Amino acid sequence: MPELRLFNTLTRGKEAFEPLDSDHIRVYACGPTVYNYAHIGNARMAVVFDLLASLLRKLYPKVTYASNITDVDDKIIAAAQETGEPIDTITEKYSRIYNEDMGALGVEPPDIQPRATQHIGDMIALIEKLVEAGHAYEAEGHVLFNVPSFPAYGGLSGRSRDDQIAGARVEVAPYKKDPADFVLWKPSTEDQPGWDSPWGRGRPGWHIECSAMAEVHLGLPFDIHGGGADLKFPHHENEIAQSCCAHGAEDDLAAFAKFWVHNGFVTVQGEKMSKSLGNITLVHDLIDQFPGEALRLTLLSAHYRQPLDWSVEAIEQSKSMLDRLYSILHNAGEVGEDTEVPDEILDALCDDLNTPKAMAELNSLAKALAEAESPIVKKELTNKLLAAGRLIGILNHAPSEWLGYGSGGEDLEIDALLAERKQAREDKDFARSDEIRDELLEKGIAIEDTPDGTKWRRTG
RNA sequence: GGCGCGGUGGCAGAGUGGCUAUGCAGCGGAUUGCAAAUCCGUGUACGCCGGUUCGACUCCGGCCCGUGCCUCCA
């Protein structure tokens with residue numbers, strides 16, 4: 001079994017992954033706040049951690065992958081006020097759509113998908129611990145985490161206290177003891193969602209939910225915590241502060257999660273795709289225009305820590321590659337059965353999820369399959385290719401279905417034109433034959449003349 | 001300003017101290033009535049300037065350029 005190596009943000013280096021308990025791997029990734037459609041940048045995180053989870057399942061007997069849904073947040077409140085829809089309606093709708101859209105990208109649902117609103121009690125308990133331990137204080141209905149009480153603060157994102165102050169341009173709320181202090185609990189007005197707490201009716205700050213849910217569902221410490229690179233600071237830094245301090249581990253940043261894995265951004269013409277820049281592309285729209293596998297492959301075409309520039313050309317390139325792979329599978333003919341994933345591909349993925357390398361190996365496997373003569377070899381290579389595809393989350397369609405091959409009898413008009421063309425070719429009336437071919441092409445039907453007769457398939 | 005990341009052939013994108021990445025596109029060929037599909041062949045790329053070295057795209061230093069976090073953000 002190959003050794004998995006992962007880049008750990010906490011140590012800023014690639015390390016051998018050593019499970020806390022090799023019988024049970026526990027992974028947590030920060031999921032979406034549900035008040036809107038997910039864009040392709042959000043999807044990158046889902047696809048990357050989906051792949052990591054499948055890889056871990058290949059290597060270890062049991063994996064629990066948890067990824068949350070944030071369903072209480074000021075942005076959701078704002079969306080409710082804007083649209084006039086109740087908060088529950090909004091969060092229900094967009095979490096459902098999120099799961100559907102990710103499903104279209106071949107993302108398996110996480111084993112656990114906890115919701116913030118179902119863990120308010122856990123959050124309150126955690127906050128109480130922090131107050132008791134002297135790491136948090138109440139001020140004007142808020143409860144704040146006192147950053148100076150945690151000298152190790154900043155260890156994940158690599159910034160010192162001095163950096164913080166130098167860079168602090170944000171207005172500091174007057175009730176904060178220290179400018180870096182962040183909110184654990186805040187008061188709610190009558191028209192805002194709220195829960196009773198020792199500090200009055202209110203709602204949680206953003207960071208506390210992940211600390212609470214990861215602990216409840218996975219136990220501490222757990223193996224891998226992940227998310228997008230922009231969550232390193234402040235979100236993940238604050239999670240570490242809360243969780244380590246609540247458990248008396250003020251000097252051990254790894255007491256919460258051992259490995260921190262962050263995926264890079266999706267960019268558009270070199271700039272980060274973000275809601276504030278307004279350059280977002282919604283997954284919901286993309287899946288109407290392109291096959292999910294092509295979108296997934298595009299997301300995996302760059303290494304997960306590198307920026308990935310999103311463009312229609314990039315999707316079409318992935319689509320072309322898949323067309324070729326499916327075409328090779330189609331020509332090979334044999335239907336696959338379960339086989340082990342080839343070592344070259346497993347090795348590539350075990351090297352910090354080197355998907356571009358894995359794709360190169362996949363292509364070389366496909367090339368070998370295309371060249372293979374013997375039925376036994378063909379079958380073996382087909383099975384390997386499909387096993388690798390399943391791990392990566394592609395090649396899940398029947399080749400003829402993907403390529404759009406049609407058979408006789410499903411469209412009378414096409415059958416008639418094909419028959420007429422056949423006759424024309426027999427009569428050496430190639431002008432008419434080519435005319436029919438163009439006519440069919442306009443209808444989105446491409447013709448392939450083979451020694452076994454004419455085949456057709458739907459294009460686009 | 002502080003802290004990071006990156007600059008690879010037409011495009012996308014890995015990687016390595018000396019040996020073909022891979023894909024997409026292009027070009028040439030086989031095949032085809034012509035095509036399509038498929039197959040074969042084809043491209044001495046590594047931001048700039050120094051240094052280390054027998055040898056650097058790969059290590060070190062400087063510079064230029066791009067980009068990210070520092071504020072909600074995957």
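**Exercise 1. Helix H11.** Determine which residues of helix H11 (residues 343-350) are buried, and against which elements they pack.

*Solution.* Step 1: the buried residues of helix H11 are Ile345, Leu346, Ala348, Leu349 and Cys350, where buried means under 20% relative accessible area, exposed over 50% and partly exposed in between (1.4 Å probe, protein chains only). Helices (H or I, at least four residues) and strands (E, at least two) are DSSP runs, numbered from the N terminus.
Step 2: the buried residues of H11 pack against strand E1 (5-8), helix H1 (40-59), helix H12 (355-371) and helix H13 (375-392), with contact meaning heavy atoms within 4.5 Å.
Step 3: after H11 comes Asp352, with a positive phi near 55 degrees.

The model is predicted: local features need pLDDT of at least 70, side-chain atom pairs count only at pLDDT 80 or more, and totals for chains, interfaces and linings use all residues. Residues are numbered from 1 along each chain as its sequence is written, chains are lettered from A and ligands numbered from 1 in the order in which they are written, and side-chain values use heavy atoms, with hydrogens and water left out.

**Exercise 2. Helix H6.** Compare the span of helix H6 (residues 206-218) with the expected value, and list its buried residues.

*Solution.* Step 1: the expected span is 1.5 Å times one less than the number of residues; for the 13 residues of H6 this is 18 Å, and the helix reaches 19 Å from its first C-alpha to its last, close to that value.
Step 2: His207, Ile208, Glu209, Cys210, Ser211, Ala212, Met213, Ala214 and Leu218 are the buried residues of H6.
Step 3: Gly219, just after H6, has a positive phi of about 80 degrees.

**Exercise 3. His262.** Establish whether His262 is buried or exposed, and identify its side-chain polar contacts.

*Solution.* Step 1: His262 belongs to strand E10 (residues 257-263).
Step 2: His262 counts as buried because its relative accessibility is 6%.
Step 3: a polar contact is a pair of N or O atoms within 3.5 Å; within protein, one must be able to donate a hydrogen and the other to accept it, and residues adjacent in sequence count only if both atoms are side-chain atoms. The side chain of His262 makes such a contact of 2.8 Å with that of Thr9, and another of 2.8 Å with that of His236.

**Exercise 4. Salt bridges.** Describe the salt bridge between Lys14 and Asp351 and the one between Arg432 and Glu435.

*Solution.* Step 1: a salt bridge is a side-chain nitrogen of Lys or Arg within 4 Å of a carboxyl oxygen of Asp or Glu; by this rule there are 23.
Step 2: Lys14 and Asp351 pair at 2.9 Å, N to O. Lys14 lies in strand E2 (residues 13-16) and Asp351 in the loop between H11 and H12, so the pair ties together parts 337 residues apart in sequence.
Step 3: Arg432 and Glu435 pair at 2.6 Å, N to O. These two residues are separated by about one helical turn, because they are 3 residues apart in helix H16 (residues 430-442).

**Exercise 5. RNA strand B.** Characterise the protein surface near RNA strand B by residue class.

*Solution.* Step 1: a residue is near the strand if one of its heavy atoms lies within 4 Å of it. Of the 55 residues around RNA strand B, Lys75, Trp206, Gly228, Leu231 and Glu371 come nearest.
Step 2: this surface has 15 nonpolar, 21 polar and 19 charged residues. Ala, Val, Leu, Ile, Met, Phe, Trp, Tyr, Cys and Pro count as nonpolar, Asp, Glu, Lys and Arg as charged, and the others, Gly among them, as polar.
Step 3: a side-chain N or O atom of Arg437 lies 2.7 Å from a base oxygen of RNA strand B.
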